[in-house]
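User: Hi! I have a structure open here and would like to talk through its pockets and its ligand. Can you help me out?
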Amino acid sequence: MQEIFDKANAVLAAINDAKPSNAEELEQFRIQYLGSKNVLKDLFSAMAQLPGERKKEYGQLMNTLKAAAEAKYEEQKAAADTGAKSSTEIPDLTAPGYPVAMGTRHPISIVKNKMIEIFSRIGFTVAEGPEVEDDWHNFTALGTPKDHPARDMQDTFYLSEDKEWMLRTHTSSVQVRMMENQKPPLRMIMPGRVYRNETISARAHCTFHQVEGLYIDENVSFADLKQTMFYFAQEMFGRDTQIRFRPSFFPFTEPSAEIDISCFICGGSGCPVCKQSGWVEIGGCGMVDPVVLENCKIDAVRYSGFAFGMGIERITMLKYQINDLRLFFENDVRLLKQFEGAL
Ligand code: PHE
């Protein structure tokens with residue numbers, strides 16, 4: 001008789017000691033103590049062997065056992081559920097993620113990168129410089145001292161009364177820095193933001209971007225300049241593109257020219273983009289004035305070079321037929337979205 005009681009008490013102790021912590025152990029616990037063939041059933045049937053006066057006591061023990069098994073099961077199941085979520089279980093890494101809203105590259109960046117890529121293919125590296133410039137680098141070294149009338153070509157945002165400091169009006173200032181600090185041969189482009197005090201309109205802004213280029217070596221000629229511009233125009237606007245040079249003036253180049261490309265919209269027959277002329281202007285260029293070379297301590301007898309400058313906004317407007325420069329600075333997603341996937 002005592003044996004039957006001992007057996008039941010041992011099962012009770014086993015239930016109390018059990019710690020089924022994961023799903024598998026919990027299921028085993030359930031089968032063992034609460035399932036259709038659980039061990040408590042055998043203990044119940046042993047009740048028949050007990051004398052009447054002890055049956056009640058044994059029945060109560062059985063109820064305690066069953067309650068203990070149920071309580072333990074519920075308690076461990078709840079613990080396993082919360083525990084799994086908080087620390088032990090690694091989330092399913094193969095599950096699809098939340099969609100992330102992707103931005104797009106700004107058209108100015110797209111065209112700038114394209115220009116860098118085109119010039120890098122023929123050996124031009126990228127150089128950068130400060131946007132706040134001093135008089136020497138932005139003007140004087142480039143043949144435009146303070147009293148020179150050509151200063152009026154560019155409406156400058158001066159930062160000091162004596163006009164010693166300003167926001168750069170072109171990235172030619174970086175050319176001066178490169179010529180001062182490095183020895184020829186030099187072959188580099190200078191992309192960057194520039195500032196001019198102009199009334200904002202569809203065709204002009206107080207800030208825009210340029211890519212200027214500089215090539216200095218022995219025996220560099222105007223033919224090299226022409227061929228470089230021709231190569232660029234064809235890579236940027238298509239293989240059928242023609243170029244034309246118009247005589248012009250810049251204080252730091254001699255001779256100087258304006259570069260036109262054949263209108264890639266109408267192919268030269270005349271349309272609103274080229275104002276019926278068949279040609280559109282993309283920038284300025286020329287042979288670096290020997291005075292500028294000497295200003296930068298480069299031997300102007302031994303070395304010669306060419307320089308060019310183009311507005312990125314202008315190239316972008318032509319390439320993508322955007323008719324208002326202000327759109328570039330408004331960051332309206334309806335414009336930017338149209339450049340999704342463009343590189
Ligand atoms: N710096 C000139 C400008 O901003 C462009 C240019 C660069 C012209 C190099 C000739 C040579 O207008």
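User: Let's start away from the ligand. What volume does the second largest pocket have?
Analyst: Happy to help! Keep in mind that this is a predicted model. The second largest pocket has a volume of about 170 Å³.

User: Which elements give two or more residues to its lining?
Analyst: Those are helix 5 (107-120) and strand 4 (186-195). Helix 5 gives the most, with 4 residues. The lining residues include Ile 108, Lys 112, Glu 128, Arg 168 and His 209.

User: And how does that lining split by class?
Analyst: The lining of the second largest pocket has 5 charged, 4 polar and 3 nonpolar residues.

User: OK, on to the ligand. Where does it sit, in terms of pockets?
Analyst: The ligand takes up the space of the largest pocket. About 1,200 Å³ of space lies in that pocket, and 50 residues line it. Nearest the centre of the largest pocket are Glu 281, Ile 282, Gly 283, Gly 311 and Arg 314.

User: Which element supplies the largest share of that lining?
Analyst: Strand 8 does, with 8 residues. Other elements that supply at least two residues each include helix 7 (172-181) and helix 10 (312-320). By class, the lining of the largest pocket divides into 23 nonpolar, 16 polar and 11 charged residues.

User: Now closer in. Which residues come nearest the ligand?
Analyst: Of the 14 residues around the ligand, His 170, Ser 172, Arg 196, Gln 210 and Glu 212 come nearest.

User: Which side chains have an N or O atom 2.8 Å from a ligand atom?
Analyst: Arg 196 has one at that distance from a ligand oxygen, and Glu 212 has one at 2.8 Å from a ligand nitrogen. For the side chain of His 170, the distance to a ligand nitrogen is 3.0 Å.

User: How much of the ligand does the protein cover?
Analyst: On its own the ligand has 320 Å² of accessible area, and the protein covers 92% of that.

User: Which strand gives the most to the shell around it?
Analyst: Strand 9 gives the most to the shell around the ligand, with 3 residues. By class, that shell has 7 polar, 5 nonpolar and 2 charged residues.

User: Last one: how many cavities of 30 Å³ or more are there?
Analyst: The structure holds 1. The largest cavity has a volume of about 40 Å³, and its lining has 6 nonpolar, 2 polar and no charged residues. Among the lining residues are Leu 142, Met 179, Phe 252 and Val 288.

Note on methods
Residues numbered from 1 in each chain as written. Predicted model: local features only at pLDDT ≥ 70, side-chain atom pairs only at ≥ 80, totals over all residues. Heavy atoms only, no water. Near = heavy atom within 4 Å. Polar contact = N/O pair within 3.5 Å; in protein donor to acceptor, adjacent residues only side chain to side chain. Areas by Shrake-Rupley, 256 points an atom, 1.4 Å probe, with all protein chains shown as cover. 1 Å grid on protein atoms, 1.4 Å probe; cavity = no way out; pocket = protein on both sides within 12 Å on 5 of 7 lines; lining within 4 Å. Sits in = over half its atoms within 2 Å of the grid points. Nonpolar A, V, L, I, M, F, W, Y, C, P; charged D, E, K, R; others polar. Points joined across faces, edges and corners; volume = space filled by probe spheres on them.
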